[in-house]
Every structure is written in structure tokens, then in C-alpha cells.
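Colleague: I should be grateful for a close look at a single part of this model, namely one helix and its surroundings.

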Amino acid sequence: MKEQNARNYNSRRFGRKDRIFGYSIVLPYLAYTAVFWGYPFVWMLVLAFTKWNYFSKPSFIWFSNFARLFTDSTVLRIALNTLNFLAYLIPMVLVASLLFALALNKVKFGKTFIMLSFLVANVSSGVAYSLLFSNLFAVNGPVNRLVDSLFGFTIPWFSNPQLAIFSICLIITWKFIGYYGLILYAGLISIPQSLYEAAELDGANKNVIFWKITLPLLNPSLITVTVLAVMLTFGIFTEPYMITGGGPMQRTTTFLIYMYDTAFKRIDPSYATTVAIVTALVSYGIVMLIRKLFEKEVSFV
């Protein structure tokens with residue numbers, strides 16, 4: 001009986017020590033999460049239902065910020081801009097990344113160097129390459145001087161409202177082609193070679209193999225790139241802010257630019273927070289819709 005009691009005592013003692021040790025390990029992470037994630041999240045929700053200008057005491061106005069948002073003509077303009085960015089950026093990113101992945105898959109030597117070369121763009125400073133492209137494609141920049149010498153006219157890359165969106169999407173595609181291309185390349189090399197060999201034995205040509213085998217089996221990677229591109233579209237800030245300032249005629253103004261201007265130039269962080277919440281919910285809804293429509297199981301049984 002004494003031995004049994006001693007074993008129970010030791011079990012409780014060591015169990016308590018294990019729990020204390022476990023809590024001591026997770027406590028710093030829990031404190032970090034509470035300070036840098038939990039508190040800002042709660043404060044964001046509070047701000048959405050209040051009126052505050054950094055200096056005054058927050059006063060609750062309940063759903064007035066949301067009512068203001070849905071009657072804000074600028075928000076409607078930015079929503080149309082975002083649709084334009086989506087219409088340009090998603091196809092450009094998908095096609096460019098897929099071509100890069102297919103080309104990389106054919107390379108026999110120097111794959112690591114090529115991958116690193118394209119990834120340099122992804123890790124480069126947004127401000128630096130925005131200024132670089134702004135000067136390259138300026139009215140009197142090198143690109144327009146070359147076009148003028150060859151064809152006798154210049155292209156308003158950033159001064160034409162519709163062309164400005166296309167130009168910014170082109171720059172963003174250049175930045176992310178390496179990153180998204182590697183995601184598709186990983187999907188390509190995971191496709192069993194036996195499927196290609198069997199298709200070739202059956203007399204299938206390259207077009208049939210691409211459309212019937214490669215693309216269907218790349219579906220998970222394509223969905224991943226599409227989702228990332230959608231999230232990227234709703235988070236565009238540096239390129240239009242540095243190159244066009246949201247112009248011309250507010251055609252390149254994004255939700256992040258509008259949030260920044262509202263929070264720090266118009267001194268209205270409460271309304272900026274409301275815009276941020278609705279933007280996040282809309283982007284989440286679009287991502288879930290894409291997954292629902294295009295995610296599917298592929299079987300060759």
C-alpha cells in the first residue's frame with residue numbers, strides 16, 4: 001500500500017513538473033500572440049464601430065462607418081479598379097509563370113542559377129524597382145525613346161488610365177514570375193513520367209498530352225498560384241503609390257492606398273479600419289469561390 005501511494009505521489013509530482021515545463025515553453029509564444037495579434041485584432045474591431053482621430057477619445061457610432069462605406073463613391077471606383085487589376089494580373093501571372101515552369105522543366109543544365117536569377121526580382125525592394133520602372137517607362141525614358149526611334153510615336157505607359165493598370169500589372173508579373181513559376185515547376189516534376197510514356201505509346205501528340213495530362217494534374221498548383229495572385233491583387237500598394245500615386249483619374253488607386261490616405265492624411269483611422277475589414281472579407285470570399293469552382297479531383301483510373 002505504501003509503495004502504491006509513493007508511486008501515485010511521484011506520478012503527480014512529475015506530472016505537475018511536466019505541465020509547468022510545458023507552460024513555460026508556450027508562454028512566450030502566447031504572450032507574443034496576445035500582444036501582437038490578439039490586441040490589434042480586438043482594437044481593429046473596436047475601431048470599426050467608433051469614431052476616432054488619434055487624439056480624441058473613441059466614441060461609439062455603431063454601424064455608421066459601414067453605412068458610409070457602402071455609399072462612398074470612391075470605394076466603388078476602387079472596387080472597379082480592383083476588378084481591372086484582377087482581369088489583367090491573374091491571366092498575366094498564370095501564363096507567364098506556366099511558361100517559365102515549362103521552359104525550366106526543359107532545361108538540362110544551370111537550373112539552380114536560372115531559378116535564383118528569377119527569384120532575385122521577388123526579394124528586391126518594391127520601392128527600388130518601382131522607381132526603376134518609373135524611369136524606364138517615363139514619357140522621355142529609354143523605352144519610349146526606343147519606341148519613338150523605331151515607330152515614330154511614344155506610349156503613355158502611366159498617363160493613360162487603362163494602360164496604367166496594364167503597365168503596373170506587367171511590373172508585378174515581372175516581380176512574381178519566378179516565385180509562382182517555381183510553384184508550378186514543383187507541380188510539373190511531381191507528375192509521374194509513366195503517364196507521359198503511356199500517352200506517347202498510345203500515339204498522343206504534345207498538344208493532347210499538355211491539355212489532357214499536364215494541365216489537369218497541375219490543377220492544385222494552378223489553384224495555389226491563382227489564390228496567391230488574388231490575395232496579391234487586394235494587397236497592391238507600393239507600385240501604384242510610387243509610380244502613379246493612384247492616378248491618373250484615380251484609376252490605379254487600390255484599397256491599401258485608400259486606407260493609407262484615409263488613416264494618415266485624412267486622420268480617420270476608424271473608417272480606414274472599416275474599409276480594411278470589408279476588403280479582407282471580400283478577398284476571402286473570392287478565394288473561397290475560386291476554390292469551390294476550380295478545385296477538383298483528377299483521376300486516371
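In which handedness of crossing does α3 pass α4? Please also describe what surrounds this contact.

Modeller: The model is a predicted one. In it, α3 passes α4 in a right-handed crossing. Helix α3 covers residues 73-106 and helix α4 residues 111-123, and the two pack at an angle of about 160° with their axes 10 Å apart. Because angles over 145 degrees count as roughly antiparallel, α3 and α4 are described as roughly antiparallel to each other.

The contact itself brings Phe100, Leu104 and Asn105 of α3 against Lys111, Ile114, Met115 and Phe118 of α4. Of the residues in this contact of α3 with α4, five are nonpolar, one is polar and one is charged.

Helix α3 also takes part in the largest nonpolar core, which has 52 residues. Leu89, Ile172, Val230, Phe255 and Val275 have the most contacts inside this core. Two or more residues each come from α2 (64-69), α3, α7 (161-189), α8 (193-201), α9 (206-217), α10 (219-234), α12 (255-265) and α13 (269-294). The greatest contribution is that of α3, with 13 residues.

Leu89 merits separate mention. Leaving aside residues up to four places away in sequence, Leu89 touches Cys169, Ile172, Thr173, Ala229, Leu232, Thr233 and Ile236. A second core, separate from the largest, consists of seven residues, among them Tyr129, Phe133, Phe137 and Ile171.

Terms used
Residues numbered from 1 in each chain as written. Predicted model: local features only at pLDDT ≥ 70, side-chain atom pairs only at ≥ 80, totals over all residues. Heavy atoms only, no water. Axes fitted to C-alpha atoms, helices over the stretch in contact; angles between N-to-C directions. Helix = DSSP H or I, 4+ residues; strand = E, 2+ residues; numbered from the N terminus. Parallel < 35°, antiparallel > 145°, perpendicular 65-115°, else oblique. Left-handed = near helix turned anticlockwise from the far one by under 90°. Contact = heavy atoms within 4.5 Å. Nonpolar A, V, L, I, M, F, W, Y, C, P; charged D, E, K, R; others polar. Core = buried A, V, L, I, M, F, W, Y, C linked by side-chain atoms within 4.5 Å. Buried < 20%, exposed > 50% of the residue type's maximum accessible area, 1.4 Å probe, protein only.
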